Amino acid sequence: MGLLLPSFAATAPPDFQREVRPILSRQCFACHGPDEHSRKANLRLDLRDSALAPAKSGKRAVVPGKPEQSELVGRITSTDHNQVMPPPETKKQLTAAEQDTLRRWVAAGADYQPHWAFTKPKQAPLPTVKQTAWPQNAIDHFILARLEKEGLKPSAPADDYTLVRRLYLDSSACRQRPRRPTRSSIPSKTAIANPRSPTSRTN
Ligand code: HEC
């Protein structure tokens, strides 16, 4: 399974917001972004319709599903100094991984998904877990699925004393105003070593 993951990651279509947009934004928008005064070659890459339309030369930067016909892919992988994008004088350069991400994004159809904040929330299916008896609510499924993926076991439930102590520390930490520690407010070494010692509860 561990061996399969990297090849899966390399073939899955990249996520536009998380993987593609940051590359375009960092490397291309200065000259092919929303600012029309600094826009070059009449090419705007932040909007799908513009990226798909013919640019100044008449070529299309993005032909969805066809990386070999997409000028964007040709330009970012070009070894010709007069062709390569971003232009060499910017001292910017795409890494091989960034080139690959953009190529796979074009190959997968060049989707421009809107930012998640602008999409309607959709109920995600619950991940399947091995220890089906453990989860007590929907969130537990997600936690357990991740633990199982990492090969970890859930901790045993905390005892009542620990639960009350956590609650006490949470609530008192919120209410307490910071003050200079005094000799008596510094817990003794035994209190730190043994949190169940009564002296530790002064804190
Ligand atoms: C510093 C400005 C600058 C940056 C940054 C830049 N470009 Fe360009 N780009 C230009 C200029 C100027 C041209 C027109 C000259 C040419 O065709 O080489 C151009 C042309 C292009 C063209 C061809 C347009 C046509 O008319 O066919 C494509 C495709 C392109 N850029 C893609 C990109 C991509 C993708 C990035 C980011 C990875 C990028 N560019 C970054 C300045 C820039």
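**Helix packing, ligand shell and burial**

Me: Why are helix 2 and helix 6 called oblique to each other?
Reply: Helix 2 (residues 16-27) and helix 6 (residues 96-107) pack at an angle of about 120°. Angles under 35 degrees count as roughly parallel, over 145 as roughly antiparallel, 65 to 115 as roughly perpendicular and the rest as oblique. The value of about 120° fits none of the named ranges, so the two helices are oblique. This is a predicted model, in which local features need pLDDT of at least 70, side-chain atom pairs count only at pLDDT 80 or more, and totals for chains, interfaces and linings use all residues. Residues are numbered from 1 along each chain as its sequence is written.

Me: What is the distance between the axes of helix 2 and helix 6?
Reply: The axes are 10 Å apart. They are lines fitted to C-alpha atoms over the stretch in contact, with angles running from 0 to 180 degrees between N-to-C directions.

Me: Which residues make the contact of helix 2 with helix 6?
Reply: Helix 2 contributes Phe-16, Glu-19, Val-20 and Ile-23, and helix 6 contributes Glu-98, Thr-101, Leu-102 and Trp-105. In contact means C-beta atoms, placed from the backbone, within 7 Å. By class, this contact has five nonpolar, one polar and two charged residues (Ala, Val, Leu, Ile, Met, Phe, Trp, Tyr, Cys and Pro count as nonpolar, Asp, Glu, Lys and Arg as charged, the others, Gly among them, as polar).

Me: What makes Asp-140 partly exposed?
Reply: Asp-140 has 14 other C-beta atoms within 10 Å. A residue is buried with 20 or more such atoms, exposed with 12 or fewer, and partly exposed in between. The count of 14 therefore makes Asp-140 partly exposed. Asp-140 is in helix 7 (residues 138-149) and touches Trp-134 and Pro-135, not counting residues up to four places away in sequence.

Me: How many residues of the protein chain are buried, as a percentage?
Reply: Buried residues are 12% of the 203 residues.

Me: Which residues surround the ligand, and which helix gives the most to the shell?
Reply: The ligand is surrounded by 22 residues, the closest being Cys-28, Cys-31, Ala-55, Ser-57 and Met-85; the cut-off is a C-beta atom within 6 Å of the molecule. Helix 5 gives the most, with four residues. Helix 3 (29-32) and helix 5 (71-77) each supply at least two. The shell has 13 nonpolar, four polar and five charged residues.

Me: How many helices and strands does the protein chain have?
Reply: Nine helices and zero strands, where helices are DSSP runs of H or I with at least four residues, and strands are runs of E with at least two, numbered from the N terminus.

Note on methods
Contact = placed C-beta atoms within 7 Å.
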